[in-house]
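Take the fold, the aromatic rings, the cysteines and the RNA contacts in turn. Please keep the model open while you read.

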Amino acid sequence: MSKRFFMTTAIDYPNSRPHIGTAFEKIGADAQARFQRMLGNEVFFLMGNDENTVKVAKRAEELGQDPKAYCDTMADQFKEVWRALDLSFTDFIQTSEERHHKGCQAFIQKVKDNGHIYKGSYEGWYCNGCESFKSDRELDGNQCCPTHNAKAVRRQEPCWFFALSTFREKLLDFYRENPDFIQPESRHNEVLNLVETELKDVNITRSGETWGIRVPFDPEFTIYVWFDALLNYITAIGYGFDESLFSKWWPADLHVIGKDITRFHCALWPAMCMAAGIATPKRVFGHGFVHHKGEKMSKTIGNVVEPMDLLKEVGPDAFRYYFLRECPYPGDGDFSYRRFIEVYNADLANNLGNLYSRVVGLIGRNFGGALPPMETPTCWLGVMTRQEIVEIWTGHMEGLRYNQALQLLWAEVLVPANQHADKMAPWSLVKTDLSAAALVLRDLVEPIRVVSILLKPFLPKVAQTLYESFSFDQAWDRITPAHASQFAQSPGELRVLAPTENGKVKPLFPRLQAKAENET
RNA sequence: CGCGGCGUGGAGCAGGGGUAGCUCGCCAGGCUCAUAACCUGGAGGUCACAGGUUCAAAUCCUGUCGCCGCAACCA
């Protein structure tokens with residue numbers, strides 16, 4: 001039953017701090033990692049930074065720092081944000097690390113030995129100011145570089161090519177045999193189109209750089225961005241220096257990436273794997289982007305939102321909830337502070353939080369904090385059975401349709417529970433028929449239990465708090481989705497373990513007041 | 001005619017031949033255990049536009065307009 005699950009996120013450029021879009025990717029990946037662990041799988045969840053780029057070296061130079069020191073500082077800043085978001089990564093790789101350099105060199109040598117790399121020359125428009133080649137899109141109508149306002153020059157230089165074009169048929173076969181490789185399915189055509197029509201050999205080296213990974217068979221060159229970056233997925237698990245670790249985890253079960261880099265992961269990367277003679281990854285998921293008040297976030301517009309302020313205000317769980325509930329993972333979503341407040345208050349404070357408060361409060365004040373052992377079996381309040389809910393929930397989790405998984409819990413579990421409370425009015429019943437009231441309350445605790453379990457991948461802290469507020473039998477860290485699918489018989493009384501004051505609990509999610517026309 | 005996607009009440013989405021549905025917001029009422037919460041009801045849409053097929057079209061077909069994605073380094 002238990003198996004291994006190796007998953008990754010895209011590695012990030014450390015030349016600026018992470019924004020909420022970057023965070024969106026990581027949160028969604030983390031929910032998957034936690035879901036897989038709940039299923040009993042052994043999970044390796046890899047994250048990291050992409051450091052061998054010219055931009056990084058330049059930025060370090062501007063700051064008068066050694067590039068490696070600069071990378072380490074930035075990596076610490078990234079990790080600080082990731083920990084604040086409660087991301088449960090197993091390892092964080094920096095591509096400036098020795099293990100990555102070693103693995104990369106072993107890989108490129110292997111691909112060379114297998115005959116898929118050849119020497120050629122690259123010709124293109126070169127901006128002396130940027131010290132780099134520019135694509136047509138990067139230049140304005142007069143072949144001028146917009147940042148330096150200088151004419152780009154035609155330049156030719158020797159380089160090494162990866163013979164990507166020779167993999168066309170193999171890739172097309174691969175997609176045919178693995179129709180679920182590219183997700184969401186809507187990206188499938190895009191990649192097919194690319195592979196069928198414009199799969200060209202790629203330049204994988206640069207010359208004249210001091211920062212980066214040397215090409216082992218021609219040391220005046222360094223390995224160029226993508227060929228290096230993608231390899232973090234295997235160098236982190238020992239490729240080239242720890243065969244047993246590598247064979248334990250490879251191939252990857254899931255690469256979580258942004259939709260913009262689908263092509264590299266769905267075409268270049270499997271071809272690279274084929275060229276090196278290693279297995280191809282099983283699945284690539286390209287998630288959507290987060291916009292800010294309807295606008296695309298961009299550094300030049302200056303509307304990027306950094307996560308830390310909001311995170312400090314509302315904590316990781318509410319932060320995670322917003323993005324996973326409000327932004328469909330496969331598609332684009334929108335963030336605004338105003339909307340955040342609405343969603344937070346409606347779903348977390350008013351619905352989930354308040355159900356919890358009213359139920360615990362009633363048990364606290366009328367039953368001394370413990371419901372007596374039940375003789376009559378309790379009933380399930382929703383229209384769907386627990387089994388049906390868990391089944392649908394599981395399908396959504398496997399497809400990374402987090403917003404639908406969450407929507408399901410609110411519509412089928414929490415809303416019916418609040419409605420039941422209102423209909424049965426245990427606060428009145430308690431005056432006339434105490435045991436009937438106890439039964440009603442037991443029926444209201446059950447949805448809280450079910451929801452706390454199914455929220456575990458989303459709200460790591462709050463789900464645990466919810467669950468451990470009651471004396472359920474199963475230990476929290478051993479909980480599986482199956483535990484949510486049926487009623488947990490409790491032999492004795494059901495006690496409230498949450499700390500209470502005058503029968504009241506501290507609100508899980510205190511309501512937020514919208515700051516007048518606030519930004520963020 | 002490069003390929004592909006999308007246009008549904010204020011916002012975000014679902015529905016894919018037969019009284020147009022959900023969440024949030026808004027308005028009114030109920031209730032009062034609870035975080036001024038919860039519950040019930042209501043207003044608000046000629047389902048982008050124009051043709052066509054059909055007894056019947058948001059749903060199928062054709063065309064038009066608009067928006068967006070991809071075309072090698074932006075999560």
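A residue counts as buried when its relative accessible area is under 20%. Cys 104 has a relative accessible area of 0%, so this residue is buried. Bear in mind that the model is predicted.

Begin with the overall frame. Chain A has 520 residues, and 56% of them count as buried. Its secondary structure comes to 18 helices and 21 strands. The C-alpha trace of chain A spans about 90 × 50 × 40 Å along its principal axes.

Return now to the cysteines. How many disulfides does a search of the whole structure find? The search finds zero. Cys 71 is in no disulfide, and its nearest cysteine sulfur, in Cys 104, lies 14 Å away. Cys 71 is buried, at 0% relative accessibility. For Cys 104, the closest cysteine sulfur is that of Cys 273. The separation there is 13 Å, too far for a bond. The cut-off for a disulfide is a pair of sulfur atoms within 2.5 Å.

Another cysteine, Cys 327, sits in the loop between H11 and S17. Cys 327 has a relative accessible area of 1%, so it is buried. Lys 55 is 272 residues away from Cys 327 along the chain. The C-alpha atoms of these two residues are separated by 31 Å.

The elements on either side of that loop also carry an aromatic pair. Across the whole structure, a search finds 38 aromatic pairs. One of them joins Tyr 239 and Phe 246. Their centres are 5.3 Å apart, with 75° between the planes, and the pair is edge-to-face. Tyr 239 is buried, at 8% relative accessible area. Phe 246 is buried too, at 7% relative accessibility. Phe 323 and Phe 335 make a stacked pair, because their ring planes meet at 20°. The centres of these two rings are 5.5 Å apart. Phe 323 belongs to helix H11 (residues 308-326), while Phe 335 belongs to strand S17 (residues 333-335). The pair therefore ties together parts that are twelve residues apart in sequence. Phe 323 is buried, with 0% relative accessibility. Phe 335 is likewise buried, with 0% relative accessibility.

Just after S17 comes another loop. Ser 336 is placed in the loop between S17 and H12. At 11% relative accessibility, Ser 336 is buried. Its side chain reaches the backbone nitrogen of Arg 339 at 3.1 Å.

Some aromatic residues go beyond pairs. Tyr 239 and Phe 246 both belong to one aromatic cluster. Other members include Phe 6, Phe 44, Phe 107, Trp 249, Trp 250 and Trp 269. Lysines also meet aromatic rings. Lys 112 lies over the face of Phe 217, 4.8 Å from the ring centre. Lys 259 lies over the face of Phe 289, and here the distance to the ring centre is 5.2 Å.

Now turn to the RNA. Which residues come nearest to RNA strand B? They are Tyr 224, Asn 350, Gly 353, Asn 354 and Phe 509, out of 48 residues around the strand. Among the atoms of RNA strand B that come within 4 Å of the protein, sugar and phosphate account for 62%.

Several helices supply the surface near RNA strand B. Helix H1 (20-38), helix H6 (188-198), helix H7 (225-229), helix H10 (262-276), helix H12 (337-367) and helix H14 (402-424) each give at least two residues. Which helix gives the largest share? H12 does, with eleven residues. By residue class, the surface near RNA strand B divides into 19 nonpolar, twelve polar and 17 charged.

Individual polar contacts fill in the detail. An N or O atom in the side chain of Tyr 13 is 2.7 Å from a sugar or linking oxygen of RNA strand B. Lys 504 meets a phosphate oxygen of the strand, with an N or O atom of its side chain at 2.8 Å. Asn 350 uses its backbone: a polar backbone atom there is 3.5 Å from a phosphate oxygen of RNA strand B. Asn 350 is also one of the residues that come nearest to the strand.

Key. Residues are numbered from 1 along each chain as its sequence is written. Chains are lettered from A and ligands numbered from 1 in the order in which they are written. This is a predicted model: local features need pLDDT of at least 70, side-chain atom pairs count only at pLDDT 80 or more; totals for chains, interfaces and linings use all residues. Side-chain values use heavy atoms; hydrogens and water are left out. Rings of Phe, Tyr and Trp (its six-membered ring) pair if their centres lie within 6.5 Å; planes under 30 degrees apart count as stacked, over 60 as edge-to-face and the rest as tilted. Buried means under 20% relative accessible area, exposed over 50%, partly exposed in between (1.4 Å probe, protein chains only). Helices (H or I, at least four residues) and strands (E, at least two) are DSSP runs, numbered from the N terminus. A charge sits over a ring if NZ of Lys or CZ of Arg is within 6 Å of the ring centre and within 35 degrees of the ring normal. A residue is near a molecule or strand if one of its heavy atoms lies within 4 Å of it. A polar contact is a pair of N or O atoms within 3.5 Å; within protein, one must be able to donate a hydrogen and the other to accept it, and residues adjacent in sequence count only if both atoms are side-chain atoms. Ala, Val, Leu, Ile, Met, Phe, Trp, Tyr, Cys and Pro count as nonpolar, Asp, Glu, Lys and Arg as charged, and the others, Gly among them, as polar.
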